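Work through the exercises below with the sequence and the structure side by side. Each task is followed by a solution that goes step by step.

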Amino acid sequence: MPQLEPNLAGLAWFGLLWSVCCIGFLQLAGMYPLRGRAVLPVTMTTIVWVMLLAGTLAFALAELRWTTVVVVGGVLFLFLPGLFQALPEWWRDGRAGLRLSCCAMIAALALLVRVAAPSFPTWLI
């Protein structure tokens, strides 16, 4: 494995953060269109999701090989909907689930800032 991807710690962090991004995407996809939904919570959660997505991709492209990002990201995006369907319906479709998803994404953003701090200067290059 080190010959394919030398940064295994970065790969593990990417897998965790990308999983949160994918589950958050599936959660938000069920909230649109906004007819009959509270607009502000969905919009705020979408903004948090976009920030997490951009940060996760920037971290992955700075720390990992692009082939690893494509393969691991694709496999997770392919198989995480099965996990999402196993979640209780109140989590997938309700306001409580939206709040829980937003909190999970905020925690993932905080984790991303902590983990990716040493590589921030390389993101600008």
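**Exercise 1.** Which residues make the nonpolar surface patch?

Solution. Keep in mind from the start that this is a predicted model. The patch is made by Leu61, Trp66, Val70, Val71, Val75, Leu78 and Phe79, and it covers about 800 Å². Turning to the elements, helix H3 gives the largest share of the nonpolar patch, namely six residues. One member of the patch is Leu78, and this leucine is found in helix H3. Leucine 78 has a relative accessible area of 58%, and because exposed means over 50%, leucine 78 counts as exposed.

**Exercise 2.** Find where the UniProt record places the feature "transmembrane region", and describe two of the spans in the model.

Solution. According to the unreviewed UniProt entry, the feature lies at residues 12-32, 39-60, 66-84 and 96-117. For residues 12-32, the end C-alpha atoms are 31 Å apart, and the span is 86% helix with 0% strand. For residues 66-84, the end C-alpha atoms are 26 Å apart, and here the span is 100% helix, again with 0% strand.

**Exercise 3.** Is threonine 68 buried or exposed, and which residues beyond its neighbours within four places in sequence does it contact?

Solution. Begin with the location: threonine 68 is found in helix H3, which runs over residues 66-86. Its relative accessible area is 10%, and since buried means under 20%, threonine 68 is buried. Leaving aside neighbours within four places in sequence, threonine 68 is in contact with Leu4, Glu5, Leu11 and Gly73. For glutamate 5, the separation from threonine 68 is 63 residues in sequence, while the two C-alpha atoms are 7.0 Å apart in space.

**Exercise 4.** How many residues does the largest nonpolar core have, and which of them have the most contacts inside it?

Solution. The core has 27 residues, and those with the most contacts inside it are Phe14, Leu52, Leu64 and Leu112. At least two residues of this core are supplied by each of helix H1 (8-29), helix H2 (39-63), H3 and helix H5 (95-116). The largest share, eight residues, comes from H1. To look at one of the residues with many partners, take phenylalanine 14, which, leaving aside its neighbours within four places in sequence, is in contact with Thr56, Phe59, Ala60, Leu64, Val69, Val72 and Gly73.

**Exercise 5.** Set cysteine 21 beside isoleucine 47, and state for each the helix and the accessibility.

Solution. Cysteine 21 is found in helix H1, where its relative accessible area of 2% makes it buried. Not counting residues up to four places away in sequence, cysteine 21 touches Trp49, Leu52, Leu53 and Thr56. Cysteine 21 and serine 101 are 80 residues apart in sequence, yet their C-alpha atoms are 9.9 Å apart in space. Isoleucine 47, in turn, is found in helix H2 and counts as partly exposed at 42% relative accessibility. Isoleucine 47 and leucine 64 are 17 residues apart along the chain, and their C-alpha atoms are separated by 25 Å.

How values were computed
Residues numbered from 1 in each chain as written. Predicted model: local features only at pLDDT ≥ 70, side-chain atom pairs only at ≥ 80, totals over all residues. Heavy atoms only, no water. UniProt positions renumbered as here; feature names shortened; annotations may be inferred. Helix = DSSP H or I, 4+ residues; strand = E, 2+ residues; numbered from the N terminus. Buried < 20%, exposed > 50% of the residue type's maximum accessible area, 1.4 Å probe, protein only. Contact = heavy atoms within 4.5 Å. Patch = residues over 30% accessible without salt bridge, like charges linked within 9 Å, V, L, I, M, F, W, Y side chains within 5 Å. Areas by Shrake-Rupley, 256 points an atom, 1.4 Å probe, with all protein chains shown as cover. Salt bridge = Lys/Arg side-chain N within 4 Å of Asp/Glu carboxyl O. Core = buried A, V, L, I, M, F, W, Y, C linked by side-chain atoms within 4.5 Å.
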